[in-house]
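Reader: I'm new to this one, so could you walk me through it with a few questions and answers?

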Amino acid sequence: MKFKADEIASVIQQEIEQYQSQVDVREVGRVLEVGDGIARVYGLSGVMAGEMVEFPGGIHGLAFNLEENSVGVIILGDFLSISEGDEVKSTGRLLSVPVGDAVLGRVLDPLGNPLDGGGPVVTTERRPVEVLAVGIAERQPVKEPLQTGIKAIDSMTPIGRGQRELIIGDRKTGKTAICIDTIINQKNTGVKCFYVAIGQKESTVAGLIELLRKQGAMEYTTVIVAGASDPAPLQYVSAYAGCAMAEYFMFKGQHALIVYDDLSKQATAYRQLSLLMRRPPGREAYPGDVFYCHSRLLERAAKLNAELGGGSLTALPIVETLEGEVSAYIPTNVISITDGQIYLQPDLFFAGQRPAMNVGISVSRVGGSAQVPAMKKVAGGMRLDLASFRELEAFAQLGTDLDTATQSQLDRGYRMTELLKQGLCNPMHVTDQVISIYAGTHGFLDSVAVHEVDDWEEQVLEFIRANKQDLWQTLTDSGKLDDETAAALDQALAEFGKIYAGRMQRPEEHVRSHGGHPPGPEGPNGQGTHRAQCANDGQPEQDPPRPMGRFRKCVIPTPGGKQAQGQGGHHQQFGRVAELDVAGQQHGQQPVEAADRAGDGPLGGRIGAGRHANLLDQPTQPESAEPGQQSRHRQPGEEGCRGRLAGPETEGRQCQHQRQHAHV
């Protein structure tokens with residue numbers, strides 16, 4: 001093979017012409033000590049606070065403490081692979097994460113690396129994790145509602161786009177469930193959702209991701225995971241990384257929602273890093289700037305003005321309390337930063353009131369500005385009504401005789417409480433919420449038994465959507481409840497009330513829908529257990545006035561059964577309860593479960609009072625009564641008897657006293 005001198009000369013000449021003198025100048029340091037997610041590095045005298053540094057193996061760190069002779073670095077990765085004496089290089093860059101449409105539907109770590117096995121995130125855009133929040137001049141007031149789909153929240157503590165609403169409560173009280181329902185309700189609204197799991201069990205997070213997939217919500221949702229097994233530095237920066245991804249859409253003129261679950265674990269991770277860096281501890285051993293740690297994060301949620309595109313970022317931070325202690329350090333810090341809080345009370349949660357929102361201390365500082373006009377009109381006084389109902393309920397438990405007006409207020413309060421209950425993954429359209437709350441506050445539920453409120457609500461919404469589509473569409477399009485629309489809604493609800501009352505008068509249909517027994521000999525032991533036939537003579541069912549003060553209860557074992565009575569909850573139907581007046585005379589009997597619902601249960605009220613009230617075929621002597629009380633059952637035929645009349649000619653009939661006071 002011959003070499004051509006001309007070709008070799010031309011190549012050498014081209015290389016000489018393109019030669020550029022470059023010197024790779026990079027500041028380098030050495031690891032002095034490493035452990036528990038932090039490293040102390042000697043050198044790097046020119047490094048900036050928050051600058052990224054690189055360890056051997058491609059592991060990155062963040063300059064955290066700038067000291068006189070060393071630099072404290074938090075390690076964003078596997079710190080166990082770093083050893084003393086390793087070389088550390090400065091990068092001259094701030095920590096950034098990938099942003100854009102490519103992150104939607106993905107599960108990422110706080111550095112933007114995929115965790116879902118779906119390949120790398122293909123995007124050319126990145127955004128710094130730490131940026132300054134927009135100023136006052138760049139913002140506008142929050143006035144556009146962000147619907148959660150939860151009746152209790154959208155009606156009493158509304159959330160607007162650009163707002164920061166704290167969700168606070170003990171563990172296992174439904175905090176995450178509210179946020180997941182809110183994410184599901186953003187389907188087809190254009191709102192991009194981000195869920196940041198900080199210090200959560202990875203099995204729990206995997207279950208939430210699967211739930212979002214089943215509901216079709218992962219298409220517009222990004223999940224950032226810093227699990228309980230991840231080092232403290234990753235848990236610390238995860239909230240800022242998620243916020244940077246969400247801010248991208250806000251500055252593009254779109255709307256985003258971010259959930260921080262939860263900030264108390266982020267504060268714990270920050271405390272760990274600060275103590276390892278030997279920063280001075282303060283209250284509860286937290287560093288003095290833990291308030292700034294949360295404020296600079298939550299202040300980035302905003303509603304931008306029209307010049308910047310009008311985008312918004314709504315933040316739902318979660319804080320966990322210990323034994324309901326909302327006056328602890330971290331809860332009070334975040335309460336003072338946010339625009340309101342939703343407090344979930346454990347007592348209400350375990351009593352079956354879900355969401356377990358305490359309307360007394362839950363508040364939204366945006367208020368009616370974040371509600372559609374129709375919701376603002378129907379739910380205006382509901383907070384005060386429910387708060388007064390709770391006080392009245394506690395007073396009524398003292399055993400005081402109540403007047404008719406007070407009893408009516410209690411009855412409506414029980415029905416409104418039942419109406420506000422809502423299941424998981426079942427967000428409601430705002431128009432359906434307006435119709436339900438309007439019916440409850442205007443007395444259309446007063447003639448419905450408490451335990452049938454849920455069934456009534458489901459049927460009335462189906463009725464209006466099927467038969468009053470124009471009314472439903474008018475409410476949806478205008479968002480207003482004017483006099484004409486209100487009159488049409490009154491007429492529709494009254495029409496359905498007649499239909500519902502007619503259904504209740506047909507015992508076979510009602511029994512099939514409630515799983516009971518038909519009246520007469522078809523029931524167990526030949527007893528009629530259907531409460532619609534219990535001496536109401538075909539009238540709409542109404543709850544009776546609650547007996548206050550005059551009655552005491554004792555347990556009567558049924559034939560072949562056992563005596564059973566416990567604390568709260570639902571009792572098995574092993575025995576029956578006889579109500580004894582102050583003279584020790586039997587006033588009536590009902591199943592143990594019904595007695596529990598009538599005031600002995602955890603709700604302290606008569607939710608579902610008198611459900612399936614049964615009558616005994618023959619009187620039975622009570623097994624026990626309270627000390628000092630002489631209890632005696634009236635025999636059949638005596639005046640005031642609530643049992644069945646004896647004798648062949650009156651077999652199966654009920655006496656007049658029974659007809660007047662039977663539970664319906």
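Reader: To start with, how many helices and strands are there in the protein?

Author: Keep in mind that this is a predicted model. Its 664 residues are 51% buried. As for the elements, the protein has 19 helices and 19 strands.

Reader: What share of the contacts with a separation of 6 or more comes from residues 24 or more positions apart?

Author: Here a contact means heavy atoms within 4.5 Å. Looking just at pairs with a separation of 6 or more, the part due to residues 24 or more positions apart is 70%.

Reader: And how much of the accessible surface belongs to carbon and sulfur atoms?

Author: The whole accessible surface comes to about 31000 Å². Carbon and sulfur atoms hold 50%.

Reader: Let's go inside. Which residues have the most contacts inside the largest nonpolar core?

Author: That core has 68 residues, and helix H16 (residues 483-504) gives the most to it, with seven. Apart from it lies another core of 61 residues, including Ala239, Met250, Ala301 and Ile330. Back in the largest core, the residues with the most contacts are Ile183 and Trp456.

Reader: What does Ile183 touch, leaving out residues up to four places away in sequence?

Author: Ile183 is one of the buried residues of helix H3. With those sequence neighbours left out, its partners are Cys193, Tyr195, Leu212, Ala217, Tyr220, Thr221, Leu257 and Val259.

Reader: How many residues of H3 are buried?

Author: H3 runs over residues 175-185 and is mostly covered. Among its buried residues are Lys175, Cys179, Asp181 and Asn185. Out of 11 residues, the buried count is nine.

Reader: Which element gives the largest share of the lining of the largest pocket?

Author: The pocket holds about 890 Å³ of space. Its lining has 34 residues, and those nearest its centre are Lys172, Gly174, Lys175, Thr176 and Ala177. Elements that give two or more residues to the lining are H3, helix H4 (202-214) and E14. The largest share, six residues, comes from H3.

Reader: What covers the buried residues of helix H8?

Author: H8 spans residues 329-337, and its buried residues are Tyr329, Ile330, Pro331, Asn333, Val334 and Ile337. Ile330 also belongs to the core of 61 residues. The cover over H8 includes strand E10 (166-169), helix H6 (263-276), helix H7 (290-298) and strand E14 (312-320).

Reader: Now Glu457: is it buried or exposed?

Author: Glu457 is found in helix H14 (residues 453-467). The cut-off for buried is under 20% relative accessible area. Glu457 has 6% relative accessibility, so it counts as buried.

Reader: Which residue's side chain does the side chain of Glu457 join in a polar contact of 2.9 Å?

Author: Beyond its sequence neighbours, Glu457 touches Lys151, Leu419, Met428 and Ser436. One of these is 21 residues apart from Glu457 in sequence, yet 6.6 Å apart in space, C-alpha to C-alpha. The side-chain partner at 2.9 Å is Ser436.

Reader: Last one: why does Thr406 count as buried, and which side chain does its own side chain make a polar contact with?

Author: Thr406 lies in helix H12 (residues 404-419). Thr406 counts as buried because its relative accessibility is 16%, and the cut-off is under 20%. Its side chain makes a polar contact of 2.9 Å with the side chain of Asp403.

Definitions and conventions
Residues numbered from 1 in each chain as written. Predicted model: local features only at pLDDT ≥ 70, side-chain atom pairs only at ≥ 80, totals over all residues. Heavy atoms only, no water. Core = buried A, V, L, I, M, F, W, Y, C linked by side-chain atoms within 4.5 Å. Buried < 20%, exposed > 50% of the residue type's maximum accessible area, 1.4 Å probe, protein only. Helix = DSSP H or I, 4+ residues; strand = E, 2+ residues; numbered from the N terminus. Polar contact = N/O pair within 3.5 Å; in protein donor to acceptor, adjacent residues only side chain to side chain. Areas by Shrake-Rupley, 256 points an atom, 1.4 Å probe, with all protein chains shown as cover. 1 Å grid on protein atoms, 1.4 Å probe; cavity = no way out; pocket = protein on both sides within 12 Å on 5 of 7 lines; lining within 4 Å. Points joined across faces, edges and corners; volume = space filled by probe spheres on them.
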